[in-house]
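Here is a friendly walk through the model for someone opening it for the first time. Please keep the viewer open beside these points and look up each residue as it comes along.

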Amino acid sequence: MKNKIFALCINMVAGLVPTTLMAQNEVSGYSMNSSTAASAVETQYGKVAGYIENGVYNYKGIPYAEASRFEEPHAPKAWAGIRSSRYYGPTCPQEFRSTWLIDNVAFASQWDDGYPGEDCLRVNVWTQGIHDGKHRPVMVWIHGGGFSTGSGQEQPAYDGASLVRKGDVVVVSLNHRLNVLGFLNLSSFGERYKHTANLGLLDIVAALRWVRANISNFGGDPNNITIFGQSGGGRKVSSLLCMPIAKGLFHKAIVQSGSGATFMPDKYSRKIGELTVRNLGLTADRIAEIEKIPYADLLAAGTKACNEVKKEADAAGESARVSIWGWMPTKDGELLPDDAFHNGSEKVSADVPMIVGSCLNEFASLPAAVTPGYLDQSDEQVMAILHKMYGNATDRYVSAFRKAYPQLKTVDMPLIDFKYRPQALAQVETKAKDKAAPVWNYLFAYQSTSIDGVLKAMHCMELPYVFNNVTRCAFETDALPEAVRLGDVMSSAWINFARTGNPNGEGVPQWPDYQLNRKSTMVFDTHSEVREDVDGALQSLVETLQQKK
């Protein structure tokens, strides 16, 4: 008996067991087909096989490029036969993430950080059909985590199957180099390292080139590609919109809580690179040794250098001009001529329609998530908090808040975001002034009921709704009927936009594009509606108060 089981296992590995025995599994409406023959697809570097789950073809961990450490991405080695691409590939090595320790946030996010490896240039693809002659809209997801952490699989919300099944689109996600591996400026050490300050972005450009060259074999239309990303992913989208080298690789763009990308000045990122080398005990004539340094040592040396150079920039009053200090792209005058959406840098993609928005609470709601009993405070206790924040202007703040958000409670008043929304509005205003392609603005305001409501409309909370994964992400949505309905509205808007360049269509309330004289914002909530200049007075008041500090 043991010998028969062993032989069966060997035959399965060798692909000799009939498809009907090993590939089909249909139970209670669930179907799985992992047959190589059923899912094989040709790419420019070789064939890949995935699996078909509930009618969606899944391909994971496909190499789109390769690069040794600090090398620019280039074509991977072609392979013979059919490569199994059924599970996520390596994620870029990264630093410890503080949100792992915030239990409520970790519960909601259900982090999946995979396994680290520097051979991480991989894409994942979801589609409803291959070899069927269809030309489906393509949606390329770019993950968050700043420019230091994250991956294309880090949250269950990122799974593309539900969006694909609903809208008959093709969803692609990807991994790229991060932190010291993707953004350490070693250009002082020779031509080989000329673009090391922006390798992470060059990786994404390489992924988009792979999509353009191969996605038709997965049922996608290479002439209809939308890039979308949240937080650091939104900043990456903003960056790509300002990169001449990326022009023509995508046709629409969505920025979710990721506006305001201001880059590292070359003079400082060069100093970080030079100091990192010195911290490692290396010299210019031994620079090649940095390519073999253990990752943990490299990261520690780079982080120390970032902190030391930041002191110099602080003294000069310049560090605050960079949206993320250290591991951030560098404006080098070539790949990135200037900060995103600054001095006309965005005009290289002037013809690209956009959706731009943020969440009502973002990180401002962290006190509610981490402080037991925060939402049980009395009105008097909340007013005391507001007085510490706004002093003599507290009554004016309360009045403007009530006008902007009449549905919210007093306890919500200190928890409103005043960072991401102003950045989003500034980006929208710039795009609208260019008058070359339309832009739509949104505010995600739905207050999560999960964990007794402590999560609010926190940073990342719109993700399950965008991907139509509300039930899959019940940890943060409670999968309530109103949450499911909101997911249907938001995912419909994103699908419509990917298909036509306009979010309007079936299932979406009428959503005008943003005009300078008509500041339309779609407020996504239990009842989603468009409001004109929804919180302009409140934003202006807080901006004035911040400038006086």
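1. Let us begin at L240. Setting aside residues up to four places away in sequence, L240 touches I142, I204, V205, L208, I227, A246, F250 and S349. Please keep in mind from here on that this is a predicted model. L240 also belongs, with F250 and I290, to the residues that have the most contacts inside the largest nonpolar core, a set of 93 residues. Helix α7, which covers residues 199–214, gives the most to this core, with 10 residues. There is also a second, separate core of 75 residues, and F228, L408, M461 and L463 are included in that one.

2. Next, the largest pocket. Its volume is about 870 Å³. The lining is made of 41 residues, and R97, G145, G146, T149 and F363 are the closest to the centre of the pocket. What is the chemical mix of this lining? The residues divide into 18 nonpolar, 17 polar and 6 charged. If you would like to find the pocket by its helices, look for α4 (103–109), α8 (232–240) and α10 (295–315), each of which supplies at least two lining residues.

3. The second largest pocket has a volume of about 320 Å³. Two elements give two or more residues to its lining, namely α14 (420–434) and α19. Which of them provides the largest share? That is α19, with 7 residues. Among the lining residues you can pick out F418, P422, L425, D535, G536 and Q539. By type, the lining divides into 4 nonpolar, 5 polar and 2 charged residues.

4. Helix α19 turns up again around α13. The buried residues of α13 pack against α19 (536–548), and also against α12 (379–390) and β18 (529–532). Helix α13 itself runs over residues 394–404, and its buried residues are T394, Y397, V398, A400, F401 and A404.

5. Do take a moment for N361, a residue in the loop between β15 (354–359) and α11 (366–370). Is N361 buried or exposed? N361 counts as buried because its relative accessible area is 1%, below the 20% cut-off. A polar atom of the N361 side chain lies 2.9 Å from the backbone oxygen of L415. Leaving out residues up to four places away in sequence, the residues that N361 touches are L415, I416, D417, Q447, K456, A457 and M458.

6. L415 also appears in the surroundings of L375, which lies in the loop between α11 and α12. Beyond its neighbours within four places in sequence, L375 is in contact with A368, V411, L415, D452, G453 and V454. L375 counts as partly exposed because its relative accessibility is 24%, and that class lies between the 20% and 50% cut-offs. To get a sense of distance in the model, you could compare the positions of L375 and S259: they are 116 residues apart along the chain, and their C-alpha atoms are separated by 29 Å.

7. Another loop residue to look up is F96, placed between β7 (82–84) and α4. F96 is classed as exposed because its relative accessible area is 53%, which is over the 50% cut-off. The C-alpha atoms of F96 and S148 are separated by 9.9 Å, with their positions 52 residues apart along the chain.

8. Finally, a word on the backbone. Most residues other than glycine have a negative phi. Where does the model have a positive value in a residue other than glycine? N179 is one of these places, with phi near 45°. N179 is found in helix α6, residues 179–183, and counts as buried because its relative accessibility is 0%. F341 is not a glycine either, and its phi is positive, at about 60°. F341 is found in the loop between β14 (330–331) and β15. F341 is buried too, because its relative accessible area of 11% is under 20%.

Terms used:
Residues numbered from 1 in each chain as written. Predicted model: local features only at pLDDT ≥ 70, side-chain atom pairs only at ≥ 80, totals over all residues. Heavy atoms only, no water. Buried < 20%, exposed > 50% of the residue type's maximum accessible area, 1.4 Å probe, protein only. Helix = DSSP H or I, 4+ residues; strand = E, 2+ residues; numbered from the N terminus. Contact = heavy atoms within 4.5 Å. Polar contact = N/O pair within 3.5 Å; in protein donor to acceptor, adjacent residues only side chain to side chain. 1 Å grid on protein atoms, 1.4 Å probe; cavity = no way out; pocket = protein on both sides within 12 Å on 5 of 7 lines; lining within 4 Å. Points joined across faces, edges and corners; volume = space filled by probe spheres on them. Nonpolar A, V, L, I, M, F, W, Y, C, P; charged D, E, K, R; others polar. Core = buried A, V, L, I, M, F, W, Y, C linked by side-chain atoms within 4.5 Å.
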